[in-house]
2 protein chains.
Amino acid sequence: MQYPEPVAKLIDSYMHLPGIGEKTATRLAFFTVDMDADVVKNFSQALLDTKDKLTFCSICGNLTEHDPCAICSDPTRDQSQVVVVEQAKDVMTMEKMKDYHGLYHVLHGVMSPIEGRGPEELNISSLIQRLQKNEAIKEVIIATNATPEGDATAMYLARLLKPAGLRVTRLARGLSVGSDIEYADEMTLYKAVEGRTEM
Amino acid sequence: MQYPEPVAKLIDSYMHLPGIGEKTATRLAFFTVDMDADVVKNFSQALLDTKDKLTFCSICGNLTEHDPCAICSDPTRDQSQVVVVEQAKDVMTMEKMKDYHGLYHVLHGVMSPIEGRGPEELNISSLIQRLQKNEAIKEVIIATNATPEGDATAMYLARLLKPAGLRVTRLARGLSVGSDIEYADEMTLYKAVEGRTEM
């Protein structure tokens, strides 16, 4: 006795998602069986739409329905600053802060020798072209993750862009707001001391 | 700046699943954007199929593609025993044991005064009819969960079925195989002592 085929296939599909094993997938599949038909239909359509309706902005590489994306085509945004991020979702995270009004550039990854990914695999050449074409851009803020790969990519970009006379900065390292010193790791603490500010 | 609509809708869909909040849903949605188009298409279709292709067996209430289900229409199964379970997924769990070859009956829930669910909301009347029609059935094994609601439902069924001269049993309570006595809760230990067997 096996699961009915539609259930088995749905379990298999759920297992393609990160962090979802067979037990959770089975639970989700049986939950889906009990869901409203409308909700399931919307879910199914939403999955198709992510593939059919989404594209990458030809200017910044952000995920968008319409090319160029809403940020690139908004003339009220500060045209002098570009934040460089690893992934399209990082754009949304930065936007949630609500205090940055400049532009973005999405690398679609970081340099990673282990995975054989060098700078030519990233969305860097279009960044260079963009900076050459658009003289309004004065500062590139590198917002790659605070990981060894993110740091290496930031270093590479800084060396590439600084000679062109651009201001190149990156996000500060330090204590998370609301965190205890007790739980900060040594590297974070070291960076927090190094980057201490006047009161 | 908001998520592109297809992403926002997919996040919303993922959030309908149990145990998945906004953060996880967002992570899953962006993961989906990077998935192979074929895998996403299959996922989408699998969701639709659970609604379009699945039905409940008119005899036992199990989930099935074809009515009656594979178990009810299998003449080689032991027609004298019926295991009563709460949910269709419990049928699959019992079948994994590979040592029971009788029939099933799915209640589609348990009695729960708190949620206002009495015996008439459950798939009980069809069980009674089935037992009246089919004289081959000699034993009803109640396999509801070992929860207060499951126990109450088991008790109700036993009182209902025993007068008809049927053997009514339920699954033993005791230590999980491989577990330490140290970690057993008091009620489980009490049931294990009460149900102790000769060596």
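**A tour from one helix to the shared core**

Begin in chain B of this predicted model by selecting helix α6(B), whose buried residues pack against β3 (81-85), α5 (125-133), β5 (139-142) and β6 (167-170) of chain B. The helix covers residues 148-161, and its 14 residues reach 20 Å from the first C-alpha to the last, which is close to the 20 Å expected at 1.5 Å a residue.

Next, colour B:G150, B:T153, B:A154, B:L157, B:A158 and B:L161, which are the buried residues of α6(B). Looking down the axis of α6(B), you will find that these buried residues fall within an arc of 140°, so they line one face of the helix. An α-helix has 3.6 residues a turn, so residues three or four places apart point the same way. Turn to the face directed away from the buried side of α6(B), and there select the exposed residues B:P148, B:M155 and B:R159.

Now show both chains together: a rotation of 179°, with 0.0 Å of shift along its axis, superposes chain A on chain B with an RMSD of 0.1 Å. That is the relation of a two-fold axis. To locate the axis from chain A, select A:S44, whose C-alpha is the nearest to it in that chain, at 2.1 Å. The same surface serves both copies, since 100% of the contact residues of chain A recur in chain B.

Finish at the largest nonpolar core, where, of 41 residues, A:Y14, A:F43, B:V7, B:Y14 and B:F43 touch the most other members. Among the elements giving two or more residues to this core are α1 (5-14) and α3 (37-52) of both chain A and chain B. Select B:F43 last: leaving aside neighbours within four places in sequence, B:F43 is in contact with A:L10, A:S13, A:Y14, A:L17, A:F43, A:L47 and B:Y14.

Methods
Residues numbered from 1 in each chain as written. Chains lettered and ligands numbered in written order. Predicted model: local features only at pLDDT ≥ 70, side-chain atom pairs only at ≥ 80, totals over all residues. Heavy atoms only, no water. Least-squares fit on C-alpha atoms with pLDDT ≥ 70 in both. Contact = heavy atoms within 4.5 Å. Helix = DSSP H or I, 4+ residues; strand = E, 2+ residues; numbered from the N terminus. Expected span 1.5 Å × (residues − 1). Buried < 20%, exposed > 50% of the residue type's maximum accessible area, 1.4 Å probe, protein only. Arc of directions from axis to C-beta. Core = buried A, V, L, I, M, F, W, Y, C linked by side-chain atoms within 4.5 Å.
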